[in-house]
Amino acid sequence: MKISYNWLKQYIKIDLPAAEVGRLLTDCGLEVEGIEKYESIKGGLKGFVIGEVVEKTKHPNADKLSLTKVNTGSEKLLSIVCGAPNVEAGQKVVVAIEGTKIFSPKGEFEIKKSKIRGEFSEGMICAEDELGTGTSHEGIIVLDNSAKTGTPAKEYFNVYEDEVFEIGLTPNRADATSHIGVARDLSAVLKTLNFRNSKSVEEFDIKYPSVDNFKIDNEEKKIEVVIEDAEACPRYSGITITGVEIKESPEWLKNYMKAIGLNPINNIVDITNYILHEFGQPLHAFDADEIKGNKVIVKKLAQGTKFITLDGVERQLSKNDLMICNATEPMCIGGVYGGLHSGITEKTKNIFLESAYFNPMSIRRSSKLHNLRTDAAFRFEKGTDPNNTVYAMKRAIMLMKELGGGKISSDIVDVYPAKIENFKVELRYKFFEEFVGQMLDKNLIKNILSYLDIRIISENNQGLVLSVPPFRVDVQREVDVIEEILRIYGFNNIPLPDFLRSSLTFAEKPDKEKLQNTVSDYLSANGFNEIMCNSLTNADYVEKLETLKSENNVVIQNPLSKELNVLRQTLLFSGLEAVAYNQNRQNADVKLYEFGKTYHNLNNPKIKTLENYSEFKNLSVLVTGRKQSENWNTTDEKVDFYFIKNIVTNILKRVGLSGYSIEIKNSKQDIYNNQATIKFKGKAEELTIAEFGSLSKKITEIFDIRNEVLFAEIKWEKLLELVKNSKTEFAELPRFPEVRRDLALLLDKNIQFEKIEKIAFETEKKLLKEVNLFDIYEGDKLPEGKKSYAVSYILQDKEKTLLDNEIEKVMDNLVKAYQQQINAAIR
């Protein structure tokens with residue numbers, strides 16, 4: 001159900017941000033599933049201004065183009081190339097300046113300064129379809145000379161803006177199927193907040209539309225009403241208006257209709273829809289001249305009776321269908337759908353307006369039988385307010401008289417054989433306290449009930465006797481009343497009791513153990529084995545390397561042996577010992593990981609002795625040999641740099657981290673041949689979270705390892721901090737298809753794929769979803785020092801299906817970016 005915020009403000013004085021209103025509505029049981037911005041012209045005409053064509057000359061290189069100078073109110077005249085046949089000097093026009101986004105039937109595009117047939121163009125003079133005010137593209141829009149140059153088009157065309165709440169209404173909330181129903185709940189919530197804070201509550205009173213000026217002009221067109229089935233139709237009200245002009249609705253009414261997703265039809269039909277969404281009371285307007293015998297009979301017809309509905313479909317009626325008939329024939333399926341011959345047309349002059357209360361079960365039965373799920377049936381089958389028919393009818397007939405002229409030509413006909421009484425419910429304070437777990441202030445309880453139009457009949461020390469209006473079909477028991485009170489008070493405001501009869505455990509977020517198990521499960525599922533190594537290692541390992549410093553060793557004062565005389569600065573050495581151990585036992589294909597701590601001596605004389613020492617938890621990953629164990633149906637493909645990279649990036653993805661950068665260094669050093677570093681942007685500086693690469697022979701030879709070894713070390717504690725601050729957001733599945741395009745790029749051999757990927761996402765930030773390298777070629781057929789990359793690009797728009805020209809524009813931009821930044825050529 002859609003609720004317009006502007007419309008809602010008619011009934012309650014409120015100026016809160018729409019997001020805050022959405023939160024309040026959700027908290028009181030009207031779940032806001034989304035908030036959409038509505039603009040009467042798509043894009044809101046942002047960037048469009050009123051301009052004056054100062055000069056027009058013929059384009060030197062094109063017969064059908066003109067060169068214009070346009071004054072848009074700025075210091076400089078804009079040079080614009082225009083192809084419209086009707087552009088002339090002295091015209092007031094609408095100009096899209098540089099940076100303006102155009103929403104046209106041909107697709108969306110942005111205005112940029114460009115050359116057209118050798119001449120610069122700094123904007124665009126717009127036609128109707130480019131502006132969004134019409135569909136014509138025969139020529140530019142020419143405005144009245146009174147239009148002021150430099151005026152934003154948004155102001156000139158009076159663009160209407162609104163915010164629309166999408167409410168997921170539960171089946172029991174028949175009272176909230178309208179703007180006034182939603183306003184009632186919102187008013188109650190805001191009044192309750194003010195009452196609890198000792199502030200005035202009157203400012204949030206609901207302003208109901210006035211019908212005080214309603215009066216009957218004459219009684220020239222009386223329509224008699226007879227109810228033959230009072231069970232299916234307990235109340236039927238009607239009135240006649242004559243001399244009405246059927247015409248287009250005013251802008252304010254059309255804007256309200258469009259904002260909630262309805263197409264304006266004419267003033268009379270739009271008024272009935274307006275009342276339906278204002279009060280939740282469906283109305284039906286009949287052409288009074290088509291009511292034969294000037295008589296309306298509410299009854300059921302024989303099984304199998306044929307009836308043509310408004311959509312032109314002939315239907316066979318059930319004996320349970322309630323029909324609105326004239327003296328000789330049916331005119332409408334009551335509360336569900338109108339008939340073909342009794343509705344409002346352009347020729348209609350006299351109208352009989354129906355406002356009724358139908359039995360919800362009867363409406364639901366007919367609606368489902370004929371598969372007619374109308375807005376009226378949606379409300380009737382939930383249960384409308386039987387005491388609101390006359391008020392809503394008066395409001396509608398006054399609007400019809402205001403917007404269509406005419407005279408009210410009959411008294412109000414109101415057939416209400418047996419009045420539907422309010423529900424009587426008792427609320428006991430003791431039961432309230434037992435049910436809720438605490439007692440609220442009694443005055444607060446009584447005020448909340450009054451805010452919801454629930455009247456107190458009597459009260460004593462034990463509780464209240466209440467009168468619940470019949471439009472609250474879901475409030476007929478004591479627990480229902482308590483739910484209403486808590487709904488408005490706020491379930492979140494009920495504190496947890498001090499004593500809970502259960503065992504509770506507390507774990508900081510993120511759950512460290514759970515996260516470690518998640519990563520462990522991923523690695524183990526991909527053929528890795530977990531190792532747990534000694535934290536003590538050999539100081540000689542560090543001595544043989546330049547990257548690590550021996551002064552940073554945490555030295556053991558009384559070591560068990562020379563080989564275990566320091567605490568490890570890295571998980572690398574113990575991991576390589578495990579690799580060597582397996583290699584010496586004919587197991588050359590090794591995949592290992594370890595969660596372990598590293599220890600460091602800062603060796604800073606300015607720091608106290610104990611503060612000089614630190615320890616950090618890290619995750620190490622080592623792989624060597626084949627990607628898959630030797631088998632008849634597997635290949636002998638060896639692990640490589642990209643294999644370890646894939647493992648590390650998948651770990652980050654598994655814990656929910658993204659938005660990092662990868663830096664690759666090809667320079668050889670004593671630990672890595674090829675090294676990559678993963679960094680995240682911090683508040684002050686980049687944060688290094690992982691390093692990986694192919695280990696150098698210098699270090700593998702220390703352990704007599706003959707095969708290439710790939711190693712990664714992830715700073716686990718830093719990772720946990722990033723996970724703690726990251727948010728996992730769920731997004732709905734895209735409704736529109738992906739598009740794939742491929743490029744074959746001829747590149748210098750020193751260009752890495754990361755560079756190609758980075759350029760792609762910097763060039764196209766909206767539509768580009770994925771970049772993938774699916775083939776590499778290096779051979780004699782290519783120039784020296786060159787290689788060929790085959791790269792695929794996945795494009796997708798969340799809001800629409802991509803057009804060919806949009807796709808080609810993205811790909812052209814990518815090609816240009818590659819040519820300019822990395823001197824790439826397209827093969």
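This is a short tour of one sheet, strand by strand.

Before you click, know that this is a predicted model, in which local features need pLDDT of at least 70, side-chain atom pairs count only at pLDDT 80 or more, and totals for chains, interfaces and linings use all residues. Residues are numbered from 1 along each chain as its sequence is written, and side-chain values use heavy atoms, with hydrogens and water left out.

Start with the whole sheet: it is open, has five strands in the order S14-S17-S20-S21-S22, and its pairing is mixed. Strands here are DSSP runs (E, at least two residues), numbered from the N terminus, and two of them pair if DSSP finds at least two bridges between them.

Now select 224–227 and 337–338. These are S14 and S22, the edge strands; each has a single partner strand, so one side of each lacks a neighbour in the sheet.

From S14, step across to S17, residues 295–300: the two run parallel and are joined by four bridges. To see one pairing, pick Val-226 and its bridge partner in S17, Ile-297.

Next, select 322–325 (S20) and 330–333 (S21). Three bridges join these antiparallel strands, and together they form a hairpin with four residues between them. Show Met-323, whose bridge partner in S21 is Ile-333.

Keep Ile-333 on screen, since you can also find it opposite Tyr-337 in S22. S21 and S22 pair antiparallel over two bridges. Their hairpin has three residues between the strands, and there you can stop at Gly-335, which takes a positive phi near 75°.
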